[in-house]
Amino acid sequence: MVSVGSKSLPSRRHRTIEEDCLMGERGKSSNNHGERKKGMQRKDHKGSRGFDGDSSKKNQSGGAPNVKPASKKQSEFEHQNQFVRKEIDPETSKYFSEIANLFDSNEVELEERSVICGNALEETRGREYEIATDYIISHVLQTLLEGCELDQLCSFIRNSATVFPAIAMDRSGSHVAESALKSLATHLENPDAYSVIEEALNSICKVILDNPLDMMCNCYGSHVLRRLLCLCKGVSLDSPELYGAKSSKALAKRLNLKMSQLDDNTLEIPHQGFPDMLKYLLSGLLNCSREDRKYLQVDQYSSLVLQTALRLMLKQDEELLEIIPLILRCNSTNKKLEGFHIETNVAKEILESMKDNSFSHLVEVILEVAPESLYNEMFNKVFKNSLFELSVDRCANFVIQALISHARDQEQMGMMWEELAPRFKDLLEQGKSGVVASLIAVSQRLESHEHKCCEALVGAVCSTNESRISIVPRLLFLDYYFGCRDKSTWEWAPGAKMHVMGCLILQGIFKFSSDHIQPYITSLTSMKAEYITETAKDSSGARVIEAFLASNAATKQKRRLIIKLRGHFGELSLHTSGSFTVEKCFDACNLTLREAIATELLDVKVDLSKTKQGPYLLRKLDIDGYASRPDQWKSRQEAKQSTYDDFCSTFGSNKSNFPKNTFVSDTSEDAYQEIEVKNTRKEIDHHPTSGFKRHREEHAKDKDEPFAGEKRTKQKKNKTSEATDKPKLAGSKRPFLSGEMTGKNRHSNKLRI
């Protein structure tokens, strides 16, 4: 017996392992761990880290993953020397079961825990594959790897290096490999540990590169490989941007919804990482035949590995100019003198592959990170004269959105305009409104074709002999309007959910100068009062009203809309999205209307104070001050207005983005825009007709977002007396293999809409 303090554990066993099936033994082991805590259980239901949602399909033997290959070609990449998984003897199972029970009891001191972990890891020597791939014992092994010392961890990794790919490609073993990499990452804060960690990483990288296609094309192995790439780069292993989640920042940039000029593409690198190891690994992964690289483009899992690698190399133009041509199978000439070029036959192959789900995702990332010369070459050789054909494709239209969003100059914008603007109506009819939204956004960003874009959109929604007064209602209900057989008889759809992408298009429109958008302003302000109220109650429609109130439209036109909301401000304030609209209305109206808003909010003060957004809104509008001393409240409002008018007269201009005759908001506009984008993303994720929505098979559950008003309050300046605590963001852990799991969103062979 091995004694640790007052605890005794069985000593190391040396027995002959029989070549039997572990099915019966697993049943016995399961009983030993029936009381296992959640932290040591691996869930297999939908949204969990495991791949198999159906327990009846679990790899009960813990051996090679019983996942059906994606194609016949993938089977060629299976490891040539399949490991024969041996049975774990009962004494070993009991040994690890007692360790699990000991840790669950919480009676082990920290020093004792480290010693136990080291001794238990020593028990795995020579049997790393069998133990790591056992469905039950692998849970215990994860705990040991997370609690051991660095030298013990690196020793385990070096000892298991020869079988590391096999462990990583197993359903249970992949969790063990992941835990080992995560534990290594925790030691990067210690500069003295780099040499030891680098040696351990080098040992497993060499084995992986012997057969890199095995791991790249495996649903479990590809995920472990992506984490290994992140570790070599020195970035967080759980960064959502690296795992394909469509972040709010990416959506904000695509649609110009974030006003900050700061570059949000900068990858946060908390540790120096291992740059030489990363280059070595990437070079080995792409060191395969041209035919194999063709398959890597369209394979679901290898595509994810390549996407992660590209994001990690962001702004490293020299490396990207070497990696991207290899991925696209382009011939590279003298890079220093001529750069690379895309041959005609290769351009045709890329164009044909663009309609593949996995490859289209890969090209999106390429366009996001590509240096300017490479982007220009792809635009001229691959996309030019094919924009509309790709825009109407189920998968390729997302590539076109990325292409448009990253246009470099007005010349490219002009070429995109010539191909797509005459087909706006066709794009909207076929549900590809995301392409239209992207073109409008880049027009605003590059300050090119603004008026033409606005007119083309009017022409797409309203025929030449129709009044333009209906342009906004039709965009609000874009899917209902274009789904109507007789469009001349279409009417407002009361109670229906407003179209998310149609509302995003309108938000982009109201960023243009008022000279370009008069038809839209007239259409919105001419809507019936009940239609305005219904729009304000809709989460997407409310943002359209807010965008209009934040535009440089005339104050008289804004107040014309606000008056139609009188009598409904109290009701709107009780809704999270409506509270923002009430605040915007308050800032945009005169003293009389502000007093009317304050009166309505005072009537619902009790109910409003019980909501998330209520306390902030009540403080922002000083409803208590209005209730106790209305005259002083009016004086303060007049003083604020006077101060703002003086500011506008001194610093404002005709080109100023500040809306006239409105209060200066205490809140950072960037914070508001960021929260708005996050909420918009949630709308898109749940809306069946969104232009950006992708119904894909793997995506983690959406994170809960804090109330936006509370985030605003935290960013107040010079008003510390009104500062409030912002609730901690509730961020759930990303499920294992979130990039490959059956779920709701992207990065798998899923249906896009």
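**Close-up views of a predicted helical model**

**View A. Glycine 234, with a positive phi near 90°, follows helix α12.** The model is predicted: local features require pLDDT of at least 70 and side-chain atom pairs pLDDT 80 or more, whereas totals for chains, interfaces and linings use all residues. Residues are numbered from 1 along each chain as its sequence is written, and side-chain values use heavy atoms, with hydrogens and water left out. Helices (H or I, at least four residues) and strands (E, at least two) are DSSP runs numbered from the N terminus. Helix α12 comprises 13 residues, 221-233, and extends 18 Å from its first C-alpha to its last, close to the 18 Å expected at 1.5 Å a residue; the expected span is 1.5 Å times one less than the number of residues. Of its 13 residues, 13 are buried, so α12 is largely enclosed by the rest of the structure. Buried denotes under 20% relative accessible area, exposed over 50%, and partly exposed the range in between (1.4 Å probe, protein chains only).

**View B. Cysteine 205 and cysteine 232 do not form a disulfide.** Their sulfur atoms are 5.0 Å apart, too far for a bond, although cysteine 232 holds the closest cysteine sulfur to that of cysteine 205. A disulfide is a pair of cysteine sulfur atoms within 2.5 Å, and the structure contains zero of them. Cysteine 205 is buried, with a relative accessible area of 0%; cysteine 462 is also buried, at 4%.

**View C. Helix α17 carries buried residues covered by other helices.** Its 12 residues, 317-328, should span 16 Å at 1.5 Å a residue, and the end C-alpha atoms are indeed 16 Å apart. The buried residues in α17 are Glu319, Leu320, Ile323, Ile324, Pro325, Ile327 and Leu328. An α-helix has 3.6 residues a turn, so residues three or four places apart point the same way. Elements covering the buried residues of α17 include α14 (275-285), α15 (290-298), α16 (300-312), α18 (344-353), α19 (357-369) and α20 (372-383). Just after α17, arginine 329 adopts a positive phi of about 65°.

**View D. Phe383 and Tyr520 have the most contacts inside the largest nonpolar core.** This core holds 197 residues, and its largest share, eight residues, comes from helix α10 (residues 194-208). A nonpolar core is a set of buried Ala, Val, Leu, Ile, Met, Phe, Trp, Tyr and Cys residues joined through side-chain atoms within 4.5 Å. Beyond its neighbours within four places in sequence, phenylalanine 383 is in contact (heavy atoms within 4.5 Å) with Met354, Val363, Leu367, Met378, Leu390, Val399, Ile400 and Leu403.

**View E. Residues 381-418 bear the UniProt annotation "repeat: Pumilio", taken from an unreviewed entry.** UniProt positions follow the numbering used here, feature names are shortened, and annotations may be inferred rather than shown by experiment. The span is 71% helix and 0% strand, with end C-alpha atoms 17 Å apart.

**View F. Threonine 576 in helix α35 and aspartate 151 in helix α7 are shown with partners distant in sequence.** Threonine 576 belongs to α35 (residues 576-588) and is partly exposed, with a relative accessible area of 44%. Its C-alpha atom is separated by 9.7 Å from that of lysine 537, 39 residues apart along the chain. Aspartate 151 lies in α7 (residues 150-159) and is exposed, with a relative accessible area of 54%. The C-alpha atoms of aspartate 151 and glycine 118, 33 residues apart along the chain, are separated by 9.2 Å.
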